[in-house]
Structures are given as structure tokens and as C-alpha cells.
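These are my notebook entries on one protein model. I looked up its sheets, its unusual backbone positions and the surroundings of its ligand.

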Amino acid sequence: MDDLEKVHRLRQDFPILNRELAGVGTPRRLVYLDNAATTQKPRSVLDAITAYYETSNANVHRAIHTLGEEATRLYELAREKTRAFLNAEFSEEIIFTRGTTESINLVASSFCSLLNPGDEILLTEMEHHSNLVPWQMAAQRHGLVLKFIPFDPDGVLEFGKLPQLWTSRVRLLALTHTSNVLGTVNPVADFVRFAHERGVPVLVDGAQAAPHRPVDVQALDVDFYAFSSHKMLGPTGLGVLYGKKDWLEKLPPFAGGGEMIRSVTLEGFEPNVLPYKFEAGTPNIEGAVGFAAALDYLGTVGLDWIHGWEQKLTSYALEQIKRVPGLTVYGKAPDRAGVVAFSLEGVHAHDLSAYLDQSGVAVRAGHHCAHPLARKLGVISTARASFYLYNTFEEIDRWIQALEAGAKIL
Ligand code: C6P
């Protein structure tokens, strides 16, 4: 089966892609190019959630009845599938959270509570607020110093500046795997090697990478890796924190409540074993069930194929977009994901996005939760198209044609 045939077949698994939107003239078939914000869900994910509620709904790790055992088995199966997806060594290294944001908050809060005033956290200038604000909050609380690796005009991190920025007070390096604005894919393994040679752990924000290319946490040797289910065909409200067992064992719990304790007295508590120590309260069971179905789906399609297909779509898009007069594309990294942020001279990104919406084309507009990055690019906001496994060349044509029309009218 060739690529086009494969995409047309798998599009049939996504009911929402048949949606016709009202707009200018006749209704238009949806062209969904806002996948970096969230992805659409295949029928198998929707069915898995419905089946769970129709047959096995119960709380997990608590009840000794049939439904409780089934729900627990499904929830733990999702953890095991996540372990396999990342090639993590142990399933206890997989913590379910609400999303990338909560995963990073967990590490920022727990890890930084072990630090001393004056200790340093090294970040980059291209971080999403999720991998910036939690560290700023921890820095305020514990008197830490934040430092930033800059990126060059192509949107590539300046690896060569690391030795200058590094001091003996650096305690953690946190960086994004793929930028949600520039599309830059950072050479994470090189950063990890540099940090580990100096005995410092690394956290990677994988929100825009894990859905799009194979990630092997052992090969990358990362200490923490965070990502969200909803950006990879799964439900919202579920995320993953991978952490090396040794680190997770050293860190204090993040949130307190049921499930994260082994015993409690009026005076204090003893934390539970991993991974439960970090999963306080009733977890997002339906989210985990849906996520397991999403991982099955991604496994069948193949992450290598998804990566290759998105590369083809992106090269095509970057070539076609040159036709549009007055258009700027941000980011020129050689290793680039299917994210294209752009602006049209003299047109506000929100107006551009609203215009494209009239043609049925969904793109995001704004600062993309990366204020410092936008400021460095010298823009208040940009529009952004982002691709996933179900997008086609015809959809890119529809987007570019709408942009060309917009360039004339707006
Ligand atoms: N970026 C975007 O449109 P959550 O919201 O927790 O699932 O993911 C946060 C997050 C963290 N890191 C990166 C690199 C991200 O891109 C995101 C989410 C979306 O770009 C929504 S702002």
C-alpha cells in the first residue's frame, strides 16, 4: 500500500474528519491543521472509552470485586503499554498525570524542594510556558537561579554556548524536544551527554515529539520525559511523566491524598511505592483506557511511518507557501517537525486565522504559550499550521489557496 492509499484509509477511522463546516459559499470539508494544540481521535479510542464505562467502570486499586479488578487491570495495562512505547526499563517509571504541564510541575516542585538557594536550573529560550513558569515558581520559592540557552536566527539552540553558561551550581537542565512554534527538533541526546558528563540530570518536554517520532528514553538516556495523551490521538486530561527509577525514588511526593500513602497517622504519613507515590487521588481511568487504545493505533500505523509522512507534508508545505506574497515563516532548523508558524505582512494573526476558518481550515493563532520566544522573534502573535498522520497534500493545497486569497483581500 502506498502512502496516499494508507492515509486515505486511516482517515476513515476519524469520524470528525468528515465534518462539513459552514463558511463562505458552500459548506467546506474540515481541514484540521491544529494538531500541535490537540489531535483528533480515532473510532477505536472513542469505542474503548465507551466500552470501559459500559462494562468495567469502577475505581482502581481499591475494590476486591470483579469490576474493580477489571478497571485496575485496564489502568495498569495502559501503564505497561506506555512503558513499551517509550522503551522504559520499568513500569514503575511511568507516572500518569493530567498532562505535560502537570508532569513538569511535579518535577519542578519535588526536585527543587531538594535544592539550596543559589542553585541553578538551565532552560532554553524556546520553551513553552509549561517548561518555564513551573521553574520560575520553584525559583521564587527556593531562591534558585534560572539560566537560558539561546537559539540562533534559524531557530537552532546554540549548543556551543553551553560551556559558557555552565557552572558548578547547575542542578538540572530542562529543554523541549520539539518547539511548538519553530518546529525545531533539538538534539536531546547531545544535551543529555553534556549534562551527564557533569553529573546533572535532564528533563525533556516531549509534548510535541512523542506523538510524531519514535522515542526511546533509554537510548536518549533522559532522566525525565513529559508528554500528553491528547496530542497523540488519546483523550484530554491524561499525561505521562517518565522518570528514572532512582530519581523518582529520591523525590518527595508532589500531591497528598488517597493512594499515594502506605500508612497514615494523625502525625504523619509514609509514602507509597512507585508509581503510586505520585498518583494521589482517583486517577483518570477512562483517560488511561483511551490512551492505551491510542498507543495501539499509533503502533499499528507505525511511528517511523508517521515521522516520514509528516516530513513529506512539511517539505511540501514549506515549498508551496513560498507562493504567498508578504508571508514570513518562522524557524529554519535542519531537523524540523510538522509545525509551520507564519505571518502575513500587515495582517493580525487572529484575522488571518478567522479568514482561513471561513474556508474550513483550522490553524492556531496567538503566542502559542511561548511569550519569550515570540518576543525574541519580534512578533506579538503568529498563525500556525501543524500536521499529523491523517493530513494530506490536498489539505495543504486548500490551506495555501485560502492563504493566497487572504493575501489579496485582507
Ligand atoms: N502546546 C500548543 O498549541 P498540555 O497543555 O499540558 O497538554 O501541554 C503543554 C505543552 C508543553 N510543552 C509543549 C512544547 C507544548 O506544545 C504544550 C502544549 C499547545 O502549542 C497548547 S498551548
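Which residue in S8 does Leu175 stand opposite? I looked along the strand and found Val204 facing Leu175. I note at the outset that the model is predicted.

**Entry 1: the sheet of 7 strands**

I next examined the two strands that hold this pair. Strand S7 covers residues 170-176, strand S8 covers residues 202-205, and 4 bridges join them in a parallel arrangement. I then traced the whole sheet, which is open and has the order S4-S10-S9-S8-S7-S5-S6. The pairing among its 7 strands is mixed. I reminded myself that the strands of a sheet pair through backbone hydrogen bonds, in either a parallel or an antiparallel way.

Which strands stand at the edges? I found strand S4 (94-97) and strand S6 (145-149) there. Each has a single partner strand, so one side of each lacks a neighbour in the sheet. I also looked up the twist: on average, neighbouring strands of this sheet are turned by 20° against each other, with direction ignored.

**Entry 2: the sheet of 4 strands**

I turned to another open sheet, whose 4 strands follow the order S13-S14-S17-S16. Its pairing is antiparallel. Strand S13 (327-330) and strand S16 (364-366) are at the edges; because each has a single partner strand, one side of each is left without a neighbour in the sheet. Here I recorded an average turn of 30° between neighbouring strands, direction ignored.

Within this sheet I followed S13 to strand S14 (residues 339-344), and 4 bridges link the two in the antiparallel sense. In this pair, Val329 stands opposite Phe342 in S14.

**Entry 3: a hairpin and the loop after it**

How many residues does the hairpin from S11 to S12 pass through? I counted 4 residues in that connection. Strand S11 (residues 261-264) pairs with S12 over 3 bridges in the antiparallel sense. One bridge sets Ile261 against its partner Pro271 in S12.

I then moved on to the loop between strand S12 (269-271) and helix H10 (285-301), where Pro275 lies. The peptide bond joining Leu274 and Pro275 is cis, with omega about 0°.

**Entry 4: a positive phi**

I looked up His368, which is in the loop between S16 and helix H13 (371-377). Its phi is near 55°, a positive value in a residue other than glycine. I noted beside these two entries that most residues other than glycine have a negative phi and that most peptide bonds are trans.

**Entry 5: the ligand**

How many residues surround the ligand? I found 18, and the closest are Thr101, Asp205, Gln208, Ser228 and Arg364. The shell consists of 4 nonpolar, 10 polar and 4 charged residues. Both domain 1 (3-32 + 302-409) and domain 2 (46-299) supply at least three residues to the shell.

I then listed some distances to ligand atoms. An N or O atom in the side chain of Thr101 is 2.5 Å from an oxygen atom of the ligand. A backbone N or O atom of Thr100 lies 3.4 Å from a ligand oxygen atom. For Lys231, a polar side-chain atom is 3.1 Å from a nitrogen atom of the ligand.

Finally, I asked what share of the ligand's exposed area the protein buries. The ligand taken alone exposes 510 Å², and the protein buries 88% of that.

Notes:
Residues numbered from 1 in each chain as written. Predicted model: local features only at pLDDT ≥ 70, side-chain atom pairs only at ≥ 80, totals over all residues. Heavy atoms only, no water. Near = heavy atom within 4 Å. Polar contact = N/O pair within 3.5 Å; in protein donor to acceptor, adjacent residues only side chain to side chain. Areas by Shrake-Rupley, 256 points an atom, 1.4 Å probe, with all protein chains shown as cover. Nonpolar A, V, L, I, M, F, W, Y, C, P; charged D, E, K, R; others polar. Domains from an automatic or database assignment. Pairing = 2+ DSSP bridges. Axes fitted to C-alpha atoms, helices over the stretch in contact; angles between N-to-C directions.
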